[in-house]
Amino acid sequence: MNLGVDHVKAAVVAIDLHRGHLDLSVATMPTTQEVADRVIAANKRLFDWCRAHGILVVHQLTSYRDEAEIRANPFWRTRAEDPKATRKNVMRHNIMGGPGCTVMPELLDSRDFIVNTKKRYDCFLGTDLDFVLRSHGINTLLITGVNTNSCVLATTTAANVRDYSVIVVEDCVDSMDGPELHAAGLACIRTAFGFVMDTDEVMKLDSLKAGRSAA
C-alpha cells in the first residue's frame, strides 16, 4: 500500500490512554466501561505487535499544573458551567499529582516514551512530540487513543500539516461523546487528513516492519 513516503519509519502516538478517561474508579472525564475495555484491549494488541517489530510507542499524557491552565480556554469554561456536558468536569481533569495522570498500566512498557506536557487537543502544541519523532527519523504515525472527535482529530490534522503520513487505527480509538461523534471524527480524518485502518490491516503492512528485527 502506498502511504505517501518513500521509506516508511513508523511510530505509535497514543493519545490520553490514561486513568483520567479509562479507569472509571477515578476518571474525571470517563468513557463508558464498554468503551474503556475495548480500547484498552485493542491498544494492547497493537502495542505488543509494534514493540515486537521495533516500532516506537509514544504516549501523550494530558496534565495541568492547576485550574488556571484549563480555564485559559474560553470554550472549556462553558463546558464546566453546563451540567449536561460530557466535559463538565474539565476544571478538575488531570491536575498533576492526581490519579488520572497515569497511563493505564497494562498499556505501558519500559521501552515506551511518555510526553506528559499535553494541555490542549493538539498533541504537538506546547510539547516536544515533534522533536521526539524527528530525532528518531519518524515519518509515519499510527495514532490511537481518546477522543476520536477532539484530541485524535486535532492531532491528526496537526500531523498532516507537518507532512507526516498518518494512519488512525480505528479499533484503537473511541470517544466519550458517543458513537456518532466517533464516526464523524473518523469521517473527517479519512476525507482530508489520513488513512483509517483497523489493527488487522495495520499488521499486514509489510512497509511498517521492513528492515526491523523482533525485540
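This is a short walk through a few parts of the structure above, which is a predicted model.

Let's begin with the broad view. The UniProt record, in an unreviewed entry, lists residues 11-201 as "domain: Isochorismatase-like". In the model, this span is 39% helix and 20% strand, and its end C-alpha atoms lie 16 Å apart.

Now find helix α6, which runs over residues 148-161 and has 14 residues. From its first C-alpha to its last, α6 reaches 18 Å, close to the 20 Å expected at 1.5 Å a residue. Many names appear when we ask which residues of α6 are buried: T148, S150, C151, V152, L153, T155, T156, A158 and A159. What covers these buried residues? The cover includes the strands β1 (10-15), β3 (113-118), β4 (140-146) and β5 (165-174), as well as helix α7 (179-192). After α6 comes D163, whose phi is positive, near 70°.

Next, look at T62, which is found in strand β2 (residues 56-62). Is T62 buried or exposed? Its relative accessible area is 3%, which is under the 20% cut-off, so T62 counts as buried. Leaving aside residues up to four places away in sequence, T62 touches D16, H18, N94, C101 and K118. With K118 there is also a polar contact between the two side chains, at 2.9 Å.

Our last stop is the charged side chains. The structure holds 15 salt bridges. One of them joins R38 and D174, with N to O at 2.6 Å. This pair links distant parts of the chain, since R38 sits in helix α2 (residues 33-52) and D174 in strand β5, 136 residues apart. R38 is partly exposed at 38% relative accessibility, whereas D174 is buried at 6%.

Helix α2 has another salt bridge to show you, between D48 and K44, whose closest N and O atoms are 2.9 Å apart. Both residues lie in α2, four residues apart, which is about one turn of the helix. D48 counts as partly exposed at 37% relative accessibility, and K44 counts as partly exposed at 35%.

Where does R51 find its partner? The side chain of R51 meets that of D112 in a salt bridge of 2.7 Å, N to O. R51 belongs to helix α2, while D112 lies in the loop between α4 (74-80) and β3, 61 residues away. Both R51 and D112 are buried. Put these pieces together and you have a network of salt bridges linking K44, D48, R51 and D112.

Key:
Residues are numbered from 1 along each chain as its sequence is written. This is a predicted model: local features need pLDDT of at least 70, side-chain atom pairs count only at pLDDT 80 or more; totals for chains, interfaces and linings use all residues. Side-chain values use heavy atoms; hydrogens and water are left out. Helices (H or I, at least four residues) and strands (E, at least two) are DSSP runs, numbered from the N terminus. The expected span of a helix is 1.5 Å times one less than its number of residues. Buried means under 20% relative accessible area, exposed over 50%, partly exposed in between (1.4 Å probe, protein chains only). Contact means heavy atoms within 4.5 Å. A polar contact is a pair of N or O atoms within 3.5 Å; within protein, one must be able to donate a hydrogen and the other to accept it, and residues adjacent in sequence count only if both atoms are side-chain atoms. UniProt positions are given in the numbering used here, feature names are shortened, and annotations may be inferred rather than shown by experiment. A salt bridge is a side-chain nitrogen of Lys or Arg within 4 Å of a carboxyl oxygen of Asp or Glu.
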